[in-house]
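Trainee: Please choose one part of this model and look at it closely, explaining each term with its cut-offs as it comes up.

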Amino acid sequence: MQTATTDTAFLERVAAEADREVAAFLATHDDEAPALAHRPAMARLLALAAVFTEPGSGFYRQESLAAAMRRCLDRLEALQGPTGLFDGTNLSSPPDSAFTLNDVCLTVRLVRGTETPDALLAEVDERLEAIIARSVDAMVAGGVHTPNHRWELSAALAQINALHPRQDIGTRIEQWLAEGIDQLPDGMYSERSPLYATAVTNPSLLTIADATGRADLLDHVRENLAAFLPWFNADGTVESVFSRRQDQWMQFGAAPFLHLYRRLAAQAGRADFAAAATWLARLPLHEPAKLLALTRLDPWLSAALPAEPPSDAGLPAPLAPAEAALGNCGAYRFRAAGSVATVFGGCDPLVPGVGSGLATNPTLLRFGHGAAVLSDLRLSRSFFDLGPFRSENTVRQGSALVLSEQLEANFYQPLPPAKQRPDGIYALEHEGRFSAGMEFSARAADVHRLGTEIRVQATGGHVGLDIGFEGTCTAFALELTFQPGGVLDGVEPAGAPGTYQLVSGTGTYRVGADVIEFGPGLPADPDSPAAYNPGESYRYLGGTNAAAGTKVYITGRTRGRQQFTLRGYTQPD
């Protein structure tokens with residue numbers, strides 16, 4: 001393959017940060033190796049092998065690493081069960097074992113690529129080779145339980161097959177790939193997760209493509225990386241509110257995307273990817289020792305990127321378009337006048353209930369102007385404890401987005417005589433809110449309804465919210481959660497520390513010279529609590545999905561329509 005000039009400065013930085021990473025865990029955590037789970041034990045061994053075999057590392061050929069490497073090998077061998085799979089949280093799990101075996105194979109490739117192997121590297125190779133050999137049959141036969149596991153498992157099999165070809169391994173990989181890559185039309189994978197896109201799906205597809213010659217798999221990686229371009233934030237994070245996995249509740253750091261954009265920028269000649277990689281390289285490196293190993297095994301990662309003018313703040317142009325949309329995720333982003341508005345209306349139905357694998361984050365809007373950030377805007381309503389507003393349907397109407405939800409709750413009539421039982425014991429059923437032995441399905445119901453429609457208009461650094469209600473008249477609370485560190489004005493305390501209420505006019509939240517103005521407030525109503533209600537599905541077990549930060553509430557009743565405005569601006573010096 002032909003690549004551009006080697007990026008020497010980048011490689012030197014990676015080696016230096018890898019050294020710091022290894023030095024840190026050797027100084028503070030090396031004695032923990034006998035208690036590590038299999039994945040961190042193997043990750044540590046890969047890091048040690050990366051610096052040990054890197055001529056530019058201060059640890060190059062340092063025999064002082066031998067004991068640490070052997071402790072990791074001992075731990076891996078102890079955790080590998082009789083089937084060849086590893087024990088951990090998910091016992092004898094093929095996909096969990098695949099995460100470890102992918103790093104095993106990377107380490108074997110790294111060791112075998114060393115020009116002058118020594119006795120320590122020969123021992124590492126021999127012991128890892130035995131771990132691989134014991135795992136193959138179970139990995140070929142094993143199953144999965146999440147979408148991304150198919151590709152992590154296939155990547156491990158592809159690397160194993162490249163080391164020791166077997167017909168059944170190739171057949172099994174093709175069986176998984178025949179299901180089709182779970183990519184939505186907007187470029188996201190079905191889990192809609194930056195965490196799993198960076199940690200599993202994209203790296204796995206690259207590995208499979210390289211090992212099997214399936215260049216078509218790179219198209220999926222390119223489409224996914226292109227879809228993420230507008231969703232990076234100037235603070236070094238990437239938007240994840242639309243995810244179906246645990247990162248929907250996180251501020252997800254963008255650094256793990258670096259090696260993906262570098263690889264495809266060089267291989268595909270993508271200037272937009274190069275701009276992303278250049279910006280991402282300004283962040284602290286994610287897992288630098290593993291990145292060091294990858295640069296040794298993948299020449300594309302070592303290639304110099306096109307030069308880009310330096311930027312002290314903000315994002316490069318390819319990462320900051322005026323508008324962006326992920327239609328299948330119900331997510332939209334608008335940038336203007338230094339402000340960024342992110343609208344989310346793509347929650348999944350709560351069937352069978354709140355649980356892993358569903359997009360359930362009720363944050364419907366994020367708004368930032370410079371350092372001032374409204375991280376979460378949510379709407380609670382006191383309606384049978386069914387929880388906050390989650391858009392079931394999002395429609396674009398011109399320049400506006402319309403988010404809507406219909407809630408229903410029932411009261412039940414007596415059972416008809418034909419369904420009555422002398423013993424009073426009836427079928428246990430879940431009726432949408434709760435479960436009981438009342439055979440709900442056999443009863444007539446009195447239905448209560450509450451419809452909520454939110455029209456969002458984002459133009460010129462302003463966001464307008466027009467919230468309308470139909471049906472039951474009850475209390476609502478609009479919750480604005482700001483990232484800590486700023487100063488509020490125009491609000492009054494509302495009970496708990498860090499909690500405020502806007503009862504008239506407009507309020508402001510200021511961080512330095514950056515300001516978010518919001519309002520108008522509504523008069524306080526004793527029957528409309530200034531509080532967030534996560535819903536019974538959380539509170540029943542003492543849980544919550546509340547956002548963290550400084551909170552301001554605007555409360556009222558679900559009658560007619562209410563209009564609110566957000567505006568970002570910078571105060572003059």
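Mentor: Helices here are DSSP runs of H or I with at least four residues, strands are runs of E with at least two, and both are numbered from the N terminus. The model is predicted, so that local features need pLDDT of at least 70 and side-chain atom pairs count only at pLDDT 80 or more, whereas totals for chains, interfaces and linings use all residues. Residues are numbered from 1 along each chain as its sequence is written, and side-chain values use heavy atoms, with hydrogens and water left out.

The part I choose is helix α8, which covers residues 194–212. With 19 residues at 1.5 Å each, α8 should span 27 Å, the expected span being 1.5 Å times one less than the number of residues. Its end C-alpha atoms lie 25 Å apart, which agrees with that expectation. Along the way, α8 has a kink of about 30 degrees at T201, shortly before the proline P203; the bend at a residue is the angle between axes fitted to the seven residues ending there and the seven starting there.

At the start of α8, a side-chain oxygen of S193 comes to within 3.2 Å of the backbone nitrogen of L195. Beyond the other end follows G213, whose phi is positive, near 75 degrees. Between these ends the helix is mostly covered, since 14 of its 19 residues are buried (under 20% relative accessible area, with exposed meaning over 50% and partly exposed in between, for a 1.4 Å probe and protein chains only).

S193 and T201 appear again in the lining of the second largest cavity, together with Y189, E191, R192, Y196 and A197. A cavity is a set of points, on a 1 Å grid over the protein atoms alone, where a 1.4 Å probe fits but cannot get out, and lining residues have an atom within 4 Å of a point. This cavity has a volume of about 40 Å³, a volume being the space filled by probe spheres set on grid points that are joined across faces, edges and corners. Its lining contains three nonpolar, two polar and two charged residues (Ala, Val, Leu, Ile, Met, Phe, Trp, Tyr, Cys and Pro count as nonpolar, Asp, Glu, Lys and Arg as charged, and the others, Gly among them, as polar). The search of the whole structure finds two cavities of 30 Å³ or more, and about 50 Å³ of space lies in the largest.

Technical notes
1 Å grid on protein atoms, 1.4 Å probe; cavity = no way out; pocket = protein on both sides within 12 Å on 5 of 7 lines; lining within 4 Å. Polar contact = N/O pair within 3.5 Å; in protein donor to acceptor, adjacent residues only side chain to side chain.
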